[in-house]
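Colleague: Hi, I'm new to this one. Could you walk me through it?

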Amino acid sequence: MINNYNFDENNENHSDNFEFNNDYKEKERRAYRQIIFTSIIFLFSLNFIVPFLANFISQEISGILMILAVSISLIPVFLLMDGKNKLGKLKVIRKKMTFSNFLFLFGLMFLSSIVFVNLTNILIKAFNIQSVDVTRIINDNLNLNLFIYAVIFAPIMEEFQFRGLYLEHGRKYSSLATILLVSICFSFMHGNFIQSIGTIGMSLVISYVGYSYGFVYAVLFHFINNLYATIVSRYIIANPESTLAMFVGIAILILILVTAGLLIFNKSVKDEIKENLGVSKEDADKEKNIDGLNNLIKDPAFYIYIIVFITLSVLEVF
């Protein structure tokens with residue numbers, strides 16, 4: 001891998017004197033701003049096309065309406081992000097996921113979701129924020145075309161945009177910055193406060209999965225998450241005293257507790273996460289990945305994006 005740092009040739013200890021090249025920093029900043037810019041284009045395009053198509057498509061087949069709207073809105077993103085040259089990379093399995101890896105990351109996804117969903121509820125109550133609960137609306141009106149959209153189409157197309165095009169676009173730069181930015185863009189894409197904040201935890205885990213293991217695994221995790229949200233949770237709420245609901249609830253609780261325990265107390269688990277992110281002590285890219293995160297969070301465009309979309313989510317303009 002080509003190192004993008006400069007070093008002082010007069011210093012004998014080159015390994016301790018790498019620093020970001022200004023040109024590299026500028027290219028990295030442009031790459032992140034391109035992700036932000038195309039994410040904005042997608043959201044505005046989606047929210048123009050949906051009401052337009054609603055004039056011709058019945059609400060009874062709203063799932064089909066959303067499939068068409070998302071597909072059309074992705075076209076400018078695909079072109080601007082040079083999607084054609086990124087397609088081949090999406091087939092790559094970057095690291096084989098063991099069953100224990102799968103269970104741990106699955107539990108981490110649930111644990112992260114619980115944290116951010118509860119944070120969302122606290123913020124809604126504290127500031128009296130009115131927000132549409134899209135997940136509940138889908139569950140209340142679930143039919144075949146909505147199921148196909150929410151459980152099959154959405155995981156594939158949303159992952160194609162975020163953990164596909166965007167993640168690959170930022171992969172050669174900082175792992176930490178790319179995962180954070182892609183996760184936030186994914187969450188804010190939902191356009192309502194509940195999902196914009198509530199999905200950040202889930203999105204961070206899926207972005208980590210896509211970065212470390214590959215696009216196919218990211219789609220799998222997203223599929224499982226949406227399947228649980230639309231089918232399993234709906235059954236548990238409707239049948240809280242059934243044996244199956246109790247079994248599923250207990251199994252998920254045990255998985256979450258074990259995951260939390262491993263994350264806190266198991267050094268090998270934490271070391272593997274650091275290794276996958278390129279921030280372990282031995283990793284040559286550690287400084288690049290950490291400095292890239294600093295580069296992102298010092299960029300005013302990043303904060304403007306966050307402020308604008310949180311505001312729009314609260315106001316529910318979209």
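Modeller: Happy to; we'll go through salt bridges, a pocket, the core and some backbone angles.

Modeller: This is a predicted model, so local features need pLDDT of at least 70 and side-chain atom pairs count only at pLDDT 80 or more, while totals for chains, interfaces and linings use all residues. Residues are numbered from 1 along each chain as its sequence is written, and side-chain values use heavy atoms, with hydrogens and water left out.

Colleague: How many salt bridges does a search of the whole structure find?

Modeller: The search finds nine. A salt bridge here is a side-chain nitrogen of Lys or Arg within 4 Å of a carboxyl oxygen of Asp or Glu.

Colleague: Why do such side chains pair up?

Modeller: Side chains of opposite charge can pair when their charged atoms come close.

Colleague: Which residue does Arg33 pair with?

Modeller: Arg33 forms a salt bridge with Asp299, and their closest N and O atoms are 2.6 Å apart. This pair links distant parts of the chain, 266 residues apart: Arg33 sits in helix α1, and Asp299 in the loop between α12 (286-297) and α13 (300-315). Helices (H or I, at least four residues) are DSSP runs, numbered from the N terminus, as are strands (E, at least two).

Colleague: Is Asp299 buried or exposed?

Modeller: Asp299 is buried, with a relative accessible area of 4%, whereas Arg33 is partly exposed at 37%. Buried means under 20% relative accessible area, exposed over 50%, and partly exposed in between (1.4 Å probe, protein chains only).

Colleague: And what about Arg30 and Glu26, how far apart are the closest N and O atoms?

Modeller: Those atoms are 4.0 Å apart in the salt bridge of Arg30 with Glu26. The two residues are four apart in helix α1 (residues 22-54), so about one helical turn separates them. Arg30 is partly exposed at 47% relative accessibility, and Glu26 is partly exposed at 33%.

Colleague: Let's switch to pockets. Which residues line the second largest one?

Modeller: Among them are Leu105, Leu108, Ser112, Gly201 and Tyr208. Helix α8 gives the largest share of that lining, four residues. By class, the lining has ten nonpolar, two polar and no charged residues. Ala, Val, Leu, Ile, Met, Phe, Trp, Tyr, Cys and Pro count as nonpolar, Asp, Glu, Lys and Arg as charged, and the others, Gly among them, as polar.

Colleague: How is a pocket defined?

Modeller: On a 1 Å grid over the protein atoms alone, a cavity is a set of points where a 1.4 Å probe fits but cannot get out, and a pocket is an open set with protein on both sides within 12 Å along at least five of seven lines; lining residues have an atom within 4 Å of a point.

Colleague: How many residues does the largest nonpolar core have?

Modeller: That core has 80 residues, and those with the most contacts inside it include Val70, Met97 and Leu105. Helix α5 (residues 144-170) gives the most to this core, with twelve residues. A nonpolar core is a set of buried Ala, Val, Leu, Ile, Met, Phe, Trp, Tyr and Cys residues joined through side-chain atoms within 4.5 Å.

Colleague: Last topic: what is phi of Asn128 near?

Modeller: Phi of Asn128 is near 50°, a positive value in a residue other than glycine. Asn128 lies in the loop between α3 and α4 (134-140), and is exposed at 58% relative accessibility.
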